[in-house]
Amino acid sequence: MATPAVKIKRVLIANRGEIAVRIIRTLREMNIESVAVYSDADFDSQHRYLADYAVRLPGTASADTYLQIPKLLAAIVSSGADAVHPGYGFLSESSEFARQVSEAGAIFIGPPPAAMDRMGNKIHARNLMTQHGVPVVPGAQAPLRDAAELKKLAHEIGYPLILKAAGGGGGRGMRVVRQDSELEAALSACQREAVAYFGNPEVFCERYIERPRHIEFQVLFDAHGNGVHLFERDCSVQRRHQKLFEEAPSLYLNEKQRADIGAKAVAAARAAGYVNAGTIEFICESPDKAYFMEMNTRIQVEHPVTEMITGLDLIAWQIRVAQGEVLPFKQSELRPHGWALEARINAEDPALDFAPAAGTVHAMNLPGGPFVRVDTHLYPGYRIPDAYDSMVAKVIVWANTRPEALKRMQRALSELRLEGVQTTAPFHEALLALPAFREGDFTTKLIEEQAEYWRKSFRESGGDGDEPTLAAVLGVLTASQQSATPSVESAQSTRTSLWNDTARREGLE
Ligand code: ADP
Ligand code: ADP
Ligand code: MG
C-alpha cells in the first residue's frame, strides 16, 4: 500500500455510546490515540474510560454538548487532536461542523463538506440523481409552498404519497397521505416537525410505495477518484420507519440486480463528488425497480454486517482514506462472503409502546462464542441516561449461510441478559420465529402486518376483549416458544430464577 499523505496520530471522537467505543477499538488497533468527549450525563460512560484522553463537555442536553460546535472545537484544541471522527447522528452530517474542524487545522474523517451539502438536502440530492440518470421515486423537485401546490402534485403523481422533511433523518417526521382531505393537516404537521426536529422547514413529497424493500449499498471512495460499493444491506425490518434488524447480503437480489444497483450507488456517490464511506439508500418496488431514496454521508449504525461479509474494518478504511491513501482493491476483486445479521437492542419499554426506558443495568450477560459480535457501551452497574438515543447494543452474527446465521442469532439472543432495563430483544426473538422473515418474503410492512396478525390470533385464542398491546402479545409468544421443548423449558426456568434472584437481592438492599 502506498505511504499515506498524512499520518493521523490522535483522533477526537465527537460522539458517545456504542459507536464511540467501537471507533476507539479500531484506533487502538491502528496505534492512533483516542480522545473521548463526554457530557455530564455520560460521566460514567464506557467511552470516557476506554479512550486514551477524555474532555468534559459541560451540560447534559445534546444541544449543549455533543451538538455544540464551539465546545467540540475547544476540545480539539485542548486535546491536541489532529483528526475528528463524528460517528453517526449528532454532527456527523453537519457540513458546517466539518468545515470548522478543517479550519481549526484538524482532519474531518468523513466526506468533503461540499459533498455533504450536495447530498444532505433530500430535495437537492433527488434532483442531482435525476441529472445523473439514477432513478428516484416520482415526486416534488422543490420544497412544497402550500397545500394547493401539494394537491396539484398529488393529482399528477397519484396517492398514496409520503411527506418528508428535506433535512430529515432517523425515520422521524414522515407522513403518509392517502386522500385530498388529509393534505392540509399533514403538510402543516410535517412542516412544524421539520422545523422542530431538523431546523429546516423544507418539506417535499414523493409517491408512497406500499410494500417496498429498503435496500442500501455501502460505498467507499478515496480522494483520488477510486470508488467501490461493498454490497448491500437489507434494512426492510423496520418499526415506524426505523430500522430494527439488518442483514447482508439480501435474499432479494440476484447477482445481476446486485451489480446493477451497486453500479447506481457508485454513480450516485460519484455525482456528489463523494470521498470516504457512505450509504446510498434505495427503496425497491421490485428487485428491478430500485429508486434512490437518500444518501447517508457518514458511517451507519448497521455497518458491522458489511464488515462481516467483506472482512473490511470500515472505520479503519475511513481513517486511511482521510489520510489520503489509495483504495487498493477494485470492484471486480470484491466478493461478499457468507451472511451477517444485526439486531438493534434498544432500551425501550414494550409495555409503554416502546417508549425509551432509561435505567440501571444491574447485571448482564452478553452473547459470545463463534462468529458473534456485540457492539455496546454497557457494563454492569451502568445507568443508561435518558438524554440520548435508546439504542444500547447491537448483536451481530456471521455464518456461511442465512439459515445458519438465523440459528446463530437465535442462540446469541437467548444468551443476552440485561437486568434492570426493558429492551427490544423479545421483539427480535419473535421476528426470528416468523416464517415470512425466515423465508425472506418480507417488506418494510412486516412488523406492522405481523402485529395485526399477532393481535388477532391473541384475541381468537381466548384473550379478553381488550386490545392487547404488542408487548403483551410478544410476551405470550416468546414464553410459549420457550416452553415448547423440554430443554428450553429448563433454560427458561433458570432464566426466571436469575431474574427472581436479582429482584430478591434488590429487595434486600
Ligand atoms: P442508520 O441510517 O445508520 O441506520 P438511523 O436512521 O438509525 O441511522 O440514525 C442513526 C442515529 O442518527 C439515530 O440516533 C438517529 O436519531 C440519528 N439521526 C440520523 N439522522 C438524523 C438527522 N437528520 N437529525 C437528527 N438525528 C439524526
Ligand atoms: P430517514 O432520513 O429518516 O432515514 P428515509 O427517506 O431514508 O428517511 O426513509 C426512512 C424509511 O421510510 C424508509 O426506510 C422506508 O421504510 C420509509 N419510506 C421512505 N420513503 C418511502 C416511500 N417513498 N415509499 C415507501 N416507504 C418509504
Ligand atoms: Mg434513511
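**Briefing: a buried magnesium pair and the aromatic contacts of a predicted model**

E281 and E294 are both buried. In this predicted model, these two glutamates are the protein donors of the magnesium ion (ligand 3), each contributing an OE atom, at 1.9 to 2.1 Å from the ion. The pair links distant parts of the chain, with E281 in strand β12 (residues 276–286) and E294 in strand β13 (residues 289–296), 13 residues apart. The sections below place this site within the overall fold and then turn to the aromatic pairs, the cysteines and helix α10.

**Overall fold**

- The protein contains 17 helices and 22 strands.
- Of its 509 residues, 54% are buried.
- Among contacts with a separation of 6 or more, 66% are between residues 24 or more positions apart.
- The exposed surface of the protein amounts to about 21200 Å², of which carbon and sulfur atoms supply 52%.

**Aromatic pairs**

- Twelve aromatic pairs are found in a search of the whole structure.
- One of them joins Y66 and F90, whose ring centres are 5.2 Å apart; the pair is tilted because the ring planes stand at 40 degrees.
- Y66 belongs to the loop between β3 (53–57) and α3 (69–79), and F90 to the loop between β4 (83–85) and α4 (95–103), so this pair ties together parts that are 24 residues apart in sequence.
- The two partners are covered to unlike degrees: Y66 is buried, with a relative accessible area of 0%, whereas F90 is partly exposed at 28% relative accessibility.
- A further pair consists of F245 and F437, with ring centres 5.3 Å apart and planes at 85 degrees, so the arrangement is edge-to-face.
- Because F245 lies in strand β11 (residues 242–248) and F437 in helix α14 (residues 435–438), the pair ties together parts that are 192 residues apart in sequence.
- F245 is buried at 1% relative accessibility, and F437 is buried at 0%.
- Y66 and F90 also belong, together with Y388, to one aromatic cluster.

**Arginine over aromatic rings**

- R48 lies over the face of Y38, at 4.6 Å from the ring centre.
- R48 likewise lies over the face of F43, in this case at 4.4 Å from the ring centre.

**Cysteines**

- A disulfide is a covalent bond between the sulfur atoms of two cysteines.
- The count for this structure comes to zero disulfides, taking 2.5 Å as the limit between the two cysteine sulfur atoms.
- C205 is a buried cysteine, with a relative accessible area of 0%.
- C284 is buried as well, and its relative accessible area is 0%.

**Helix α10**

- Helix α10 covers residues 303–310, and seven of its eight residues are buried, so the helix is largely enclosed by the rest of the structure.
- The buried residues of α10 are H303, P304, V305, T306, E307, I309 and T310.
- An α-helix has 3.6 residues a turn, so residues three or four places apart point the same way.
- G311, just after α10, takes a positive phi of about 75 degrees.

Methods. Residues are numbered from 1 along each chain as its sequence is written. Chains are lettered from A and ligands numbered from 1 in the order in which they are written. This is a predicted model: local features need pLDDT of at least 70, side-chain atom pairs count only at pLDDT 80 or more; totals for chains, interfaces and linings use all residues. Side-chain values use heavy atoms; hydrogens and water are left out. Donors are N, O and S atoms within 2.8 Å of the metal (3.2 Å for Na, K and Ca); water is not among the atoms, so sites may look incomplete. Helices (H or I, at least four residues) and strands (E, at least two) are DSSP runs, numbered from the N terminus. Buried means under 20% relative accessible area, exposed over 50%, partly exposed in between (1.4 Å probe, protein chains only). Contact means heavy atoms within 4.5 Å. Accessible areas come from the Shrake-Rupley method with a 1.4 Å probe; for residues, only the protein chains shown count as cover. Rings of Phe, Tyr and Trp (its six-membered ring) pair if their centres lie within 6.5 Å; planes under 30 degrees apart count as stacked, over 60 as edge-to-face and the rest as tilted. A charge sits over a ring if NZ of Lys or CZ of Arg is within 6 Å of the ring centre and within 35 degrees of the ring normal.
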